[in-house]
Amino acid sequence: MATKKVSAVIKLQCPAGAATPAPPIGPALGPHGVSAPKFVQEFNDRTKNMEKGLVIPVVITVYQDKSYTFILKTPPAAVLIKKACKLDKGSGNPLRDKVATLSAKDLEEIAKTKMPDINANDIEAAKKIIAGTARSMGVEVEQ
């Protein structure tokens, strides 16, 4: 079997189990000849067991014959931190205004969740990366 030629790689962030062909998905896939409703159905099927509405990054590889494959990534660290602290959004001024405190246990849970997609060799390095993201959102991290 000959390898298929890749014509595009599209990166999107879609809500788990609740994606629709409306923007940004439709306009991102349309120019590459990918059926947005078909992709949305497959994406929603694959994410139906995840928490509804949780933002899931997806990397779609489109081939020249208009077929495609996609890989689901772990949710962004900021989304997981907001969920753990029950926040709507981070601080407007993270240096001055602290909006929440992330427990050491939650920090470790998020680091374990992100481990497959994070550029870290061990859980301690991953925790430092997540802690940095939390600080930039105005969330204090327990030691």
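This passage walks through the sheet, the helices around it and the aromatic rings of one predicted model.

The sheet comes first. Three strands make up an open sheet, ordered S1-S2-S3 and paired in the antiparallel sense. Strand S1 (6-15) and S3 sit at the edges, each pairing on one side only. Neighbouring strands are turned against each other by 20 degrees on average, direction ignored. As for the individual pairings, S1 and S2 run antiparallel over nine bridges, and one of the matches puts Val9 against its bridge partner Thr61 in S2. Helix H2 (residues 36-47) packs on this sheet and touches S1, S2 and S3. The direction of H2 makes about 35 degrees with that of S3.

On the other side of the pairing scheme, strand S2 (residues 55-63) meets strand S3 (residues 68-72), again antiparallel, over five bridges. Here Ile60 stands opposite Phe70 in S3. The two strands form a hairpin with four residues between them, and in that turn Lys66 takes a positive phi of about 75 degrees.

The aromatic rings bring H2 and S3 back into the picture. Four aromatic pairs turn up when the whole structure is searched. One of them joins Phe39 and Tyr68 edge-to-face, with 6.2 Å from centre to centre and 70 degrees between the planes. Phe39 belongs to helix H2 and Tyr68 to strand S3, so this pair ties together parts that are 29 residues apart in sequence. Both rings are tucked away: Phe39 counts as buried because its relative accessible area is 0%, and Tyr68 counts as buried because its value is 13%, with the limit set at under 20%. Tyr68 also pairs with Phe70, this time stacked, at 6.5 Å centre to centre and 25 degrees between the planes. Like Tyr68, Phe70 is buried. Phe70 is also the residue that stands opposite Ile60. Put together, Phe39, Phe43, Tyr68 and Phe70 form one aromatic cluster.

Further along the chain comes helix H3 (residues 77-85), whose buried residues are Ala77, Val79, Leu80, Ile81 and Cys85. The cover over these residues comes from several elements, including S2, which is also a member of the three-stranded sheet. Strand S4 (100-102) and strand S5 (139-141) take part in that cover as well, as do helix H4 (104-114) and helix H5 (123-136). Just after H3, Lys86 takes a positive phi of about 55 degrees.

H4 and H5 also pack against each other. Two packed helices are described by the angle between their axes and the distance between the axes. For H4 and H5, the axes come within 9 Å and cross at roughly 110 degrees. With that crossing angle, H4 is therefore roughly perpendicular to H5. On the H4 side, the contact is made by Leu107, Glu108, Ile110, Ala111, Lys112 and Lys114; H5 contributes Ile123, Ala126, Lys127, Ile130 and Ala131. By character, the residues of this contact split into seven nonpolar and four charged, with no polar ones. Among the charged residues are Glu108 of H4 and Lys127 of H5.

Technical notes: Residues numbered from 1 in each chain as written. Predicted model: local features only at pLDDT ≥ 70, side-chain atom pairs only at ≥ 80, totals over all residues. Heavy atoms only, no water. Pairing = 2+ DSSP bridges. Axes fitted to C-alpha atoms, helices over the stretch in contact; angles between N-to-C directions. Contact = heavy atoms within 4.5 Å. Buried < 20%, exposed > 50% of the residue type's maximum accessible area, 1.4 Å probe, protein only. Parallel < 35°, antiparallel > 145°, perpendicular 65-115°, else oblique. Phe/Tyr/Trp six-rings, centres within 6.5 Å; stacked < 30°, edge-to-face > 60°.
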